[in-house]
Amino acid sequence: MTIEAILTDIEGTVGSIRFVKEVLFPYADQQMETFLTRHWNDPAVASAVADAAGDSGEILDDPASAAALLRRWIAEDRKATPLKTLQGLIWRAGYENGDYRAHVYPDAVEGLRRWHRDGLALYVYSSGSIAAQKLFFGHSEAGDLTPLFNGYFDTTSGGKKEADSYRAIQAEIGVAPQAILFLSDVEAELDAARAAGLHTVLLDRDDAIADSDHRRVTTFDDIAPGAL
């Protein structure tokens, strides 16, 4: 079956993990309490804090207690939706202030543009919130890439290592699973996608994985959706 849609991860696939680990995460960690203090009564912030309190069972009745929990989650690399929401809000301020631009691999940019020109529908699936994904692609080193994408998915669709998440995404995209190609640098995510019937390609940019059950490439230049 012909590939009609491409679903891509971000970290390690489209952009460097180092940008997220060394720029975005520390920025959110440093700004968390100040941001919560300034925006404590904003509806989006209040809702995310309430969700974090529900998830953790802790009483978060002021910015300091909420920031302490959220910073702990950052240190633990917790994939919690309330944390991702608040990180996204903080990162938006950083992007809009010009404090940084998102790193994207040049080959990924060219590949995405080429596939878009070829009429393929492009989607993103990342553990970061949809808002954070749009910020990433909207403020990239290559400019605003958001016009390339048809849609975005995050952990509200389910965990990235769960086959049901990809089934839900496939249903929303609206094409057969065999017509979707999923790109990631994490084999467990690819395993889950393949269990849901999707085609998969492993991005091994450091050429460090000797053996894989998935087709392995080191660059987007080596991916030919029409040949799958």
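What follows is a walk through a predicted model, starting with its sheet and moving on to its helices and a few single residues.

The sheet is a good place to get oriented. Six strands make up an open sheet, and they pair in parallel in the order β3-β2-β1-β4-β5-β6. At the edges sit β3 (151-153) and β6 (215-217), each of which has a pairing partner on one side only. Going from one strand to the next, the twist averages 25°.

Take β1 (residues 5-8) next. This strand runs parallel to β2, and four bridges join the two. Two of the facing pairs can be picked out by eye: Ile-6 stands opposite Leu-122 in β2, and Leu-7 stands opposite Tyr-123 in β2. Strand β1 is also joined to β4 by four bridges, again with the strands running parallel. Here Ala-5 is the residue to look for, as Ala-5 stands opposite Ile-180 in β4. As for the side chains of β1, Ala-5 and Leu-7 point one way while Ile-6 and Thr-8 point the other way, and all are buried.

How much of β2 is covered? Mostly, it turns out: five of its five residues are buried. Ala-121, Tyr-123 and Tyr-125 point one way from β2, with Leu-122 and Val-124 pointing the other way. Besides its link to β1, strand β2 pairs with β3 in the parallel sense, over three bridges. Val-124 has Tyr-152 as its bridge partner in β3.

Further along the sheet, β5 (residues 199-203) pairs with β6 in the parallel sense, and three bridges hold the pairing. In this pair, Leu-202 stands opposite Arg-216 in β6. A helix also lies over this part of the sheet: α8 (residues 187-195) lies across β4 (180-184) and β5, running at about 175° to β5.

Just past β2 comes Ser-129, in the loop between β2 (121-125) and α6. Is Ser-129 buried or exposed? Its relative accessibility is 8%, so Ser-129 counts as buried. Apart from neighbours within four places in sequence, Ser-129 is in contact with Lys-84, Thr-85, Gly-88 and Asp-154.

Now for helix α1, which is not a straight rod. It spans residues 17-39, 23 residues in total, yet its end C-alpha atoms are only 29 Å apart, where a straight helix would reach 33 Å at 1.5 Å a residue. Where does α1 bend? The bend is at Met-32, and it comes to about 50°. Met-32 is also one of the buried residues of α1, a set that further includes Phe-19, Val-20, Leu-24, Phe-25, Tyr-27, Ala-28, Phe-35 and Leu-36. Some of the spacing in that set is easier to read with a bit of helix geometry in mind. An α-helix has 3.6 residues a turn, so residues three or four places apart point the same way. The cover over the buried residues of α1 includes α2 (43-56), α3 (63-76), α4 (81-96) and α6 (130-138). At the N-terminal end of α1, Ser-16 acts as a cap, with a side-chain oxygen 3.0 Å from the backbone nitrogen of Arg-18.

Helix α7 offers two residues worth a look. One is Asp-164, which lies in this helix. With a relative accessibility of 55%, Asp-164 counts as exposed because the cut-off for that is over 50%. The side chain of Asp-164 makes a polar contact of 2.6 Å with the side chain of Arg-167. For a sense of scale, Asp-164 and Leu-70 are 94 residues apart along the chain, and their C-alpha atoms are separated by 28 Å.

The other residue in α7 (residues 163-173) is Gln-170. A polar atom of the Gln-170 side chain lies 2.8 Å from the backbone oxygen of Val-175. Leaving out neighbours within four places in sequence, the contacts of Gln-170 are Val-175, Ala-176, Pro-177 and Ile-180. Ile-180 brings the tour back to the sheet, as this is the β4 residue that stands opposite Ala-5.

Note on methods. Residues are numbered from 1 along each chain as its sequence is written. This is a predicted model: local features need pLDDT of at least 70, side-chain atom pairs count only at pLDDT 80 or more; totals for chains, interfaces and linings use all residues. Side-chain values use heavy atoms; hydrogens and water are left out. The expected span of a helix is 1.5 Å times one less than its number of residues. The bend at a residue is the angle between axes fitted to the seven residues ending there and the seven starting there. Buried means under 20% relative accessible area, exposed over 50%, partly exposed in between (1.4 Å probe, protein chains only). Contact means heavy atoms within 4.5 Å. A polar contact is a pair of N or O atoms within 3.5 Å; within protein, one must be able to donate a hydrogen and the other to accept it, and residues adjacent in sequence count only if both atoms are side-chain atoms. Two strands pair if DSSP finds at least two bridges between them. Axes are lines fitted to C-alpha atoms, for helices over the stretch in contact, and angles run from 0 to 180 degrees between N-to-C directions.
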